[in-house]
Amino acid sequence: MNPHNASVFPGVDGIPEEFRLGKRLEQRSYLCDGEIRQWDGPFQDVLSPICTVTPSGPARTSIGSYPLLSGKQSGEALDAALRSQDGGRGAWPTMPVEKRIGCLSDFAARMMESRDEVVRRMMWEIGKSLSDSRKEFDRTVEYVRDTIEALKDLDRASSRFVMEQGVIGQIRRAPLGVVLCMGPFNYPLNETFTTLIPALVMGNSVIFKPPKLGVLLHEPLLAAFRDCFPRGVVNTVYGDGRTVVGPLMESGAIDVLAFIGTSRVADLLRRQHPKPHRLRCVLGLEAKNAGIVLSDADLDTAVRECVLGALSFNGQRCTALKMLFVHRGILESFMGRFVEAVGRLKAGMPWDEGVQITPLPEEGKVESMKSLIGDAVSKGASIAGPGGGDAVGTLMNPAVVYPVGPGMRLYTEEQFGPVVPVAAFDSIEEPLKWIAESDYGQQVSLFGRDPEVIASLVDPLVNQVCRVNINSQCQRGPDTFPFTGRKDSAEGTLSVTDALRVFTIRTLVAARETDDNRRILKSIVTGRSSRFISTDFIF
Ligand code: G3H
């Protein structure tokens, strides 16, 4: 990419018709208490990472706006959520599981109607490529469907009594109450819904605040939420976190905080809650996953997976490979191929065929990447390959930086962008020590061929991170696998089945085995007078 060539950004005519925005996206609505309400207060302007060429260079395009709600509206959302729970008596938390599943199935069908619009907005709001935006949407719908199947299994397993030591019991999972869901900008739909959907279907009421970038793409789904769930069960808040989220946490009425973002914000939110034992936190935070390329690695595989792992969606994935350790014996051949492969990545607009590098949505991101690179370069590193780190507006060529070592910010800080730090190692103790001393503990990738060596590394590494990938990039999927992290990387485990557990608590009904109690329980079951005391089986 030529850093002076602003024509990488298209004029309207250069945008395929189906992806043009046409008119500005002025969101005036928010969902509260089963109603789509109109807002006439202040708005947040939405700047797309896709720039417009102006005489002074490329500038982010203003594509619309969304409501900047006040504490009053977030208070109303909380009241609505609490009313829908009604101290455990609400229609939603007491609804039979099969009916709740029905609501969610209807929602999944309605979601599909908005696919093209959500995908189009995702490209404009966060610069995600068309194919990745579609993947994110489809993966989310699949997640909803898998959640339904997992819940059926969970419910089937609980549809029986347990008789132990003269006590009859029925054990199920019950909702926790009101869940505040906040997702990240890089997977604004998927990562919000991987907490929101399980929380919801387990009988909780939800207040969700979309990430700062990636708000408008949720708007086409508001009507489906309103129509498919009882009033007050799903509520949205938009705006400045301090204004709308602060009062929610300070109220002490939030039972679960499901937050994917930085540990700094997570800690701030948690501290605002006056009842720390009431609050359960489900957190997905920073990571600095290492890729370790051993001396016998298959270089084709290692290069392919490291490029994908480090630079898919411009490195803006929590699971991205954010530090590469390469054995010195193969450093030269690895670097030659890796830098060449990175140089071949196609930069462009999200809808361009085969595009891999797209505009960065965060304000000041190119500058912050350049500052990380500058710090490393000032301490002895260089950018490998031509054009690395060059940028036009929000579009930045990936930079491979070598050698990165102690004292450089890139050695320890999560970059969350298109910069790949590389270090050479002579002894495996060097990357192992780095991992043990890191503030983060999400995943690692090992590239090598000797089973003995791999085995000897897996055993200590599973005690440092939560997934060891062999000859494969780090990633979250498949979504049925547990996804979590140690240290500052996560709290709680998410997967299709784990999420159903995380948003609930085990609760049981127990009775001494007496004739009277047997009679009572039998009558409840045959009369189907309780949702909880029930042997109904979902077929
Ligand atoms: O940003 C973190 C995402 O959960 C990563 O998911 O590995 O499927 O891209 P992914």
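**View 1. Arg 337 and Asp 300 form a salt bridge in this predicted model.** The closest N and O atoms of Arg 337 and Asp 300 are 2.7 Å apart. The pair links distant parts of the chain. Arg 337 belongs to helix H11, residues 331–344. Asp 300 belongs to helix H10, residues 299–311. In sequence, 37 residues separate the two. Arg 337 has a relative accessible area of 38%, so it is partly exposed. Asp 300 counts as exposed because its relative accessibility is 52%.

**View 2. Asp 227 meets its sequence neighbour Arg 226 in a salt bridge.** Here the N to O distance is 2.8 Å. Asp 227 is partly exposed, at 42% relative accessibility. Arg 226 is partly exposed too, with a relative accessible area of 32%. Side chains of opposite charge can pair when their charged atoms come close.

**View 3. Arg 528 pairs with Asp 536.** This is another salt bridge, with the closest N and O atoms 3.0 Å apart. Arg 528 is exposed, and its relative accessible area is 58%. Asp 536, at 36%, counts as partly exposed.

**View 4. Four charged residues are linked in a network of salt bridges.** The members are Arg 24, Glu 26, Arg 28 and Asp 45. For the structure, the count of salt bridges comes to 41.

**View 5. Strand E21 pairs with strands E13 and E22.** E21 covers residues 444–447. Which way do its side chains point? Val 444 and Leu 446 point one way, while Ser 445 and Phe 447 point the other way. All four are buried. E13, residues 289–293, pairs with E21 in the parallel sense over four bridges. In that pairing, Val 293 stands opposite Phe 447. E22, residues 468–470, also pairs with E21 in the parallel sense, over three bridges. There, Ile 470 is the bridge partner of Leu 446.

**View 6. A helix joins E21 and E22 in a β-α-β unit.** The helix is H15, residues 451–461. Together, E21, H15 and E22 make a right-handed unit.

**View 7. The largest nonpolar core holds 132 residues.** Which members touch the most others? They are Phe 107, Ile 207, Phe 225, Phe 229, Leu 257, Phe 334 and Phe 338. Helix H4, residues 130–158, gives the largest share of this core, with nine residues. A second, separate core has 34 residues. Among them are Ala 290, Leu 294, Ala 381 and Val 419.

**View 8. Phe 334 touches residues from several places in the sequence.** Leaving out residues up to four places away in sequence, its contacts are Val 293, Leu 299, Ala 302, Val 303, Cys 306, Leu 324 and Val 326. Val 293 also appears in the strand view, opposite Phe 447 in E21.

**View 9. Val 496 is buried in helix H16.** The helix spans residues 496–502. Why does Val 496 count as buried? Its relative accessibility is 3%, and buried means under 20%. Val 496 and Thr 147 are 349 residues apart in sequence. In space, their C-alpha atoms are 5.6 Å apart. Val 496 also touches Tyr 143, Asp 146, Ala 150, Asp 479 and Thr 480, as well as Thr 147 itself, not counting residues up to four places away in sequence.

Methods. Residues numbered from 1 in each chain as written. Predicted model: local features only at pLDDT ≥ 70, side-chain atom pairs only at ≥ 80, totals over all residues. Heavy atoms only, no water. Buried < 20%, exposed > 50% of the residue type's maximum accessible area, 1.4 Å probe, protein only. Pairing = 2+ DSSP bridges. Right-handed = clockwise from strand over helix to strand, strands pointing away. Core = buried A, V, L, I, M, F, W, Y, C linked by side-chain atoms within 4.5 Å. Contact = heavy atoms within 4.5 Å. Salt bridge = Lys/Arg side-chain N within 4 Å of Asp/Glu carboxyl O.
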